[in-house]
Amino acid sequence: MGFGCSFGGKFFGGYARNKTGTNYAAQSKRSILKDFTNLQNATFTCNDYKDVVIPAGSVVYADPPYSNTTGYTSGKFNSEEFWDYMRQIGKDNQVFISELEAPDDFVCVWERPFTRTLDRNKNNQFKVVEKLFTYKG
């Protein structure tokens, strides 16, 4: 509910609504049920990212809160600590990180322009380039 019924999919980022009366709760439920078929053998945990056991040779995808944007409700995210950890695990694993910018020792392997909207006011939009980085090591 925190994502599916919130404006722009931002965790409890305001109630999603439009003029056509879209039922965002039902839409979110359908999306989750559609994905559920492919997740039957997945294990979900709620941990600090540093506590996740990562076997050597893994492919790791990380999607931290983007720098200089609204973070998590649990407190300020330590981006410097995060990038240091990605360097550490990037020595034995292939890491991919979604972010707008990354330190110089990470290379962009994919990017796409994207329009962000902060509210229903179409004049309150801005463009960003979403990127996927990997560690050069």
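Select Cys46 to begin: with a relative accessible area of 81%, this residue is exposed. The model in the viewer is a predicted one.

Next, select Cys108. This cysteine counts as partly exposed, because its relative accessibility is 31%, a value that lies between the limits of 20% and 50%. With the cysteines displayed, one may ask how many disulfides the structure holds. The number is 0. In general terms, a disulfide would be a covalent bond between the sulfur atoms of two cysteines.

Proceed to strand β3, which covers residues 106-117, and pick out Val109 within that strand. Val109 has a relative accessible area of 47% and is therefore partly exposed, since the term exposed requires a value over 50%. Now add Val107 and Trp110 to the selection: with Val109 they form a nonpolar patch on the surface. Together, the three residues of this patch have about 270 Å² of accessible area.

The final stop is strand β2, residues 94-99, where Ser98 should be selected. Is Ser98 buried or exposed? Ser98 counts as buried, because its relative accessibility is 9% and the limit for that term is under 20%.

Display the side chain of Tyr61 beside that of Ser98: a polar contact of 2.6 Å joins the two. To see the wider surroundings, set aside the neighbours of Ser98 within four places in sequence; Ser98 is then in contact with Tyr61, Ala62, Asp63, Pro64 and Tyr66, and also with Lys131 and Leu132. Tyr61 thus appears both in this list of contacts and as the partner of Ser98 in the polar contact.

Note on methods: Residues are numbered from 1 along each chain as its sequence is written. This is a predicted model: local features need pLDDT of at least 70, side-chain atom pairs count only at pLDDT 80 or more; totals for chains, interfaces and linings use all residues. Side-chain values use heavy atoms; hydrogens and water are left out. Helices (H or I, at least four residues) and strands (E, at least two) are DSSP runs, numbered from the N terminus. Buried means under 20% relative accessible area, exposed over 50%, partly exposed in between (1.4 Å probe, protein chains only). A polar contact is a pair of N or O atoms within 3.5 Å; within protein, one must be able to donate a hydrogen and the other to accept it, and residues adjacent in sequence count only if both atoms are side-chain atoms. Contact means heavy atoms within 4.5 Å. Patches are made of residues with over 30% relative accessible area and no salt bridge: like charges are joined within 9 Å, nonpolar side chains (Val, Leu, Ile, Met, Phe, Trp, Tyr) within 5 Å. Accessible areas come from the Shrake-Rupley method with a 1.4 Å probe; for residues, only the protein chains shown count as cover. A salt bridge is a side-chain nitrogen of Lys or Arg within 4 Å of a carboxyl oxygen of Asp or Glu. A disulfide is a pair of cysteine sulfur atoms within 2.5 Å.
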